[in-house]
Structures are given as C-alpha cells and as structure tokens.
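Let's take a walk through this two-chain model together. Have a look at it first, then read on.

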Amino acid sequence: MSTTPLPLYWRPPPLIANARLRWCLIGGAGVYLVLAFASLEVNWQRVLEGLPRAVRLVAAFFPPDFTSRQADIIEGMIESLTMTVTSTVAGVLISVPIGIGAARNVAPLPVYLACRGIIAVSRSFQEIIIAIVLVALVGFGPLAGFLTLSFATIGFLSKLLAEDIEDIDPSPAEAVRATGASWLQWLNYGIQPQVMPRLIGLGLYRLDINFRESAVIGIVGAGGIGATLNTAIDRYEFDSAAAILVLIIVIVMAAEYISSWIRGRVQ
Amino acid sequence: MGAAHPTLRLEQVVKRYATGDLALDKVDLQVPAGQVMALIGPSGAGKSTLIRCVNRLVEPSSGRIFLGDTELSALSRRELRRARRRMGMIFQEFALVERLTVMENVLSGYLGHVGFWRSYFRRFPRAAVAQAFATLERVGLSEHVDKRADALSGGQRQRVGIARALQQNPQILLVDEPTASLDPKTSRQILRLICEICTERNLAAIINIHDVQLAQLFVQRVVGLRAGRVVFDGSPDELDAAVLTRIYGEEDWTAAPRRRGGREEDEDTLDVDEERLAGMT
C-alpha cells in the first residue's frame, strides 16, 4: 500500500488551462452581451402602438378563403410543385458527379479543387439573390425559379454527398480495388452501396427544401405559389393569403412525413 | 511450379512511408505454390505493409516483386489491374460491402474480368455465376446467397470474404489477420478452411496472424518479421522461447500455456485469453 492517502476528489480538467485567460474570456463575453442588448434601443412606445395593429392583421387572416382566388391558387401550386420536382431531379443529376469529384478519397487533386470551387460558388449565395439575378436574366416566371433551385441544389447536395463519400469505411473499397476492378466498378461496388441511403435521404430532404424555397423566390418574380401569395398580400386579400399559407404548411408536412417513411425503408 | 519456381518472390523490398517510417527493410522472401506461410511479428512490424506491397495497394519504395514470371513492381496501372486478378485478398474485418448481397460480394471477385456495364447491371457470365455458387457451397453458405452481407455472423462473413477471393481464381492468397475479429472456435474453422482450400487448389498463401499457437496448428512455414526485417524463417515446430523473443522481444514465453497440468486445460486457458482480447478490439 502507498504511504500517501489517495485523493478523494476529482474534477475534469478545464477546457482552457490558463485560469486568467479563462476568466477574462468569460467576463468579456458577459460584458459584451450586456452592452449589445443595451444598444438595441427598443422603443416600447411603438411596440405598444403596434400590438393592436398586429392583432387586427392576424384577425384579417381568418377565416382563410380558399374559394375566391381558387383558380390562381391551383395554378400557382401546380407551378411550384413542377418547379420543385424538376429542379430537384436536375439538381441531383448534376450534383452526383460533382459530389464524387469533390471527395478527396476518390478524385485527383485538380478535379477535387474544381468541384469544391463549384460548390463554394453555389453555396455562397442565398436563393433569393440567385433568383433576383436569374429573373433579370431570363425574365419573370417559373424558368427562373427552376434554374435558381437547381443551382442551389447543387451546392447543398454535392457538398453533403462528397462528405459522405469521404466518411465511408475504406476497407470494402480497398477490397474491391484489390480484385482488379476498374475505377468505375470500384465506385459502383465499393462506394455507391455505402452512400446510397444517404443520397436518397438528402434528395428527399432537398425536395422538401425546394418546395419551401419555391414559395419564397416567387416573391421576387420567379413564379409559383410565392407569386400568388405576393399578389394576395399586395391586394390586402389576407384571407386568400392565409389559405395559401395553410396549403404550404400541409404540403410541407406531408412531404416531411413521406420522406421520413422512405428514408426509414432504405437503410 | 514447385520450390524451384516459386509463385511469389520478393527481392530486397523496401517500403518507407512518407512519414519517414521504415516499414520494410530489404525483405527477401519466396513462397512456392501450395505452401501456406504464416507471417508473424509484433504490431507495426510491417506484416500488413508486406502483403499490400505484393498487390500494390501500398507502393513499395524499392526492390522487386514477382508473381510467377510477372514482375509486379514494374507494372503499369492497366497491367497491375490485370495482375491483381491473380491475387486474392482476405481481410481482418472481412471488408465486405455490407449493403450488397452475399452473391454480389462474391461476384465482385470477378470484376477484373468483366466490363463496367455488365458489372453495373449484375449480368455476369454464366460460368462465373456457376463458379460462385460452387464456391459458396464449398465454404458452406449455399443457404445465404441472397442475404445482405450485414445480416451474417462474423464467421459467415469471413467465409464470404474467402469466396470472393477464390472467385478471382487466384494463384496466391494474401490474408491479413483473418481471425482477429472472430471467436476462438470460428478462428480455427476459418484458418482450417483457408489451409484446406490452398491444398486443394495448390495455392500459395501468406497469412498475417497474431495468434502464434493457432498458426502453428495449421501452417507449414512461419516467417517472423520484426521492424521490417525477416528475423525467422522456418517450420512451426522451431518456434521456441528463444525464437519468439527474437521476433517479439523479451517476455516469459514459457509461462502462459503451462500454468496448470494437462494439455486440454492449456488450450482452454488460451481460448479465454483470446476471447478477452477479441472483445477489446
């Protein structure tokens, strides 16, 4: 037995070892937050005046009116759904080769850099900015929406697919290579089965996102249900706007439910 | 073939990794057809590097490697692909493509012989399919042809791994720790199966293995590797305490198996140890 008594207390070592630095950082963050909130200049007078207006606005949404603008709503919905499906399919088809090229364990360095560049460009712009540019390029309507959503899908899907490929278990891929398989066969047997469930999941998730985005980019002129919604609000037809919002919520929830069911099936 | 004309010949093979680690230091080695050779040595001695240098999953830094008359170390990419068909490889963690069926995994051993579209649509030549069924029967998996690889037990998965290697109709098997993820009983069955098949088909084999006692039961020759050099090359009977010390370093080699009386009990003690180790990996 040892002569000195064993310690009875133990605490995990702190994240930042230097005690002075640690307390300076915590204190600094606290002071900054207090000052930042103080600088917001909330005008309580105006908040109070705004409250009844907010109540009136919300009240104007009820009851939602599905009938008086029914033709416009149906047309907008069909346009949005068409835009969503076509742009997701086109986006996925373009994303797969770019995603493969952007995986460091599969692609040679020049290809990798080029594909990562494409992804970076696609990801650096929010959908609305792309939509504004494309509406200026190809005019108002669903073509601009289709192009916007396809472009945005590439950045999203290629990046996540590339990361999934980089995370695969390398040993089955090594085993397939050791049999004398060609590069394409190696992709098809060693890599694809490992990333397929995730690719399907991401594709469905993107379908969901593209539908929601199609409602937003319609507001800047890229067609679809967003354009219908924008018109309804501009005309102060809040009950029709409410009907559109209800439909968007229902479709997003249905898409969510269906996609999670499918994702559960393809593991 | 035979001893005069070895299946595999390594001459002065050196592998130095980009990190500067010298994994193989001028290794000379010959393996004749039909011989099963165990390659033992401590972790990091270069066993995995050695078998991966043969099929050039790892590129040797210098030296020459021959399979029959082909100098593997001098092949172009395309020629290498063709030569890899003649070398079957079996892995520690089985390295199966888990979401593919047993049959697809076995037929992936035939990829070097078919074009991309045939393999993409899984339209393999009839002879290859017939061979795959025969091999699956030989390794005892006829019942599981259409199951996904991840639905099988460890021993069954390794049998699929063996069938995949055999589907290549190889001249040599490169076997990397085939039993390290298996329980003691399955380990014996798998190693016995590999050795039987090598005898049936007059195949050469290099088996990397940590379990010296297990290797001694089945192989005809043992090569000891330490720090990238061959420090022992002989029959399994010659492995005594002095040799083990030369390969692995100082340790009381006589103690473990003879703790208690009879021979039977010795083996039980060993199995328990092994199970504990398997649980840790």
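In chain B, 68% of the contacts with a separation of 6 or more are between residues 24 or more positions apart. Here two residues are in contact if their C-beta atoms, placed from the backbone, lie within 7 Å. For chain A, the matching share is 71%.

Before going further, some ground rules: this is a predicted model, where local features need pLDDT of at least 70 and side-chain atom pairs count only at pLDDT 80 or more, while totals for chains, interfaces and linings use all residues. Residues are numbered from 1 along each chain as its sequence is written, and chains are lettered from A and ligands numbered from 1 in the order in which they are written.

Here are the two chains side by side. A residue is buried if 20 or more other C-beta atoms lie within 10 Å of its own, exposed if 12 or fewer, and partly exposed in between, with C-beta atoms placed from the backbone. Helices (H or I, at least four residues) and strands (E, at least two) are DSSP runs, numbered from the N terminus.

| Chain | Helices and strands | Residues | Buried |
|---|---|---|---|
| A | 10 helices, 0 strands | 267 residues | 35% |
| B | 10 helices, 10 strands | 281 residues | 41% |

So what pattern does chain A follow along the sequence? Reading along, you get α-α-α-α-α-α-α-α-α-α. Chain A is more spread out than a compact globule, because its radius of gyration (taken over C-alpha atoms) is 26 Å, well over the 18 Å from the globule rule for 267 residues. That rule is 2.2 Å times the number of residues to the power 0.38. Along the principal axes, the C-alpha atoms of chain A fill a box of roughly 85 × 60 × 35 Å.

Now zoom in on helix α4 of chain A, residues 109–124. Its 16 residues reach 22 Å from first C-alpha to last, close to the expected 22 Å at 1.5 Å a residue; the expected span is 1.5 Å times one less than the number of residues. Which residues of α4(A) are buried? They are A:Cys115, A:Ile119 and A:Ser122. Seen down the helix axis, the buried residues of α4(A) fall within an arc of 65 degrees, so they line one face; the arc is that of the directions from the axis to the C-beta atoms. These buried residues pack against α3 (70–101) and α6 (142–166) of chain A. On the other side of α4(A), the exposed residues include A:Leu109, A:Gly117 and A:Ser124.

How do the chains meet? In chain A, 18 residues are in contact with 22 residues of chain B. Helices α7 (170–178) and α8 (183–217) of chain A each give two or more residues to this side.

Next, the nonpolar cores, each a set of buried Ala, Val, Leu, Ile, Met, Phe, Trp, Tyr and Cys residues joined through C-beta atoms within 7 Å. The largest has 111 residues, and B:Met37 and B:Ala205 are among those with the most contacts inside it. Its largest share, 12 residues, comes from α6(A). A second, separate core of 10 residues includes A:Ala215 and A:Phe238.

Finally, find B:Ala151, in the loop between α5 (126–138) and α6 (154–167) of chain B. B:Ala151 is exposed, with 12 other C-beta atoms within 10 Å.
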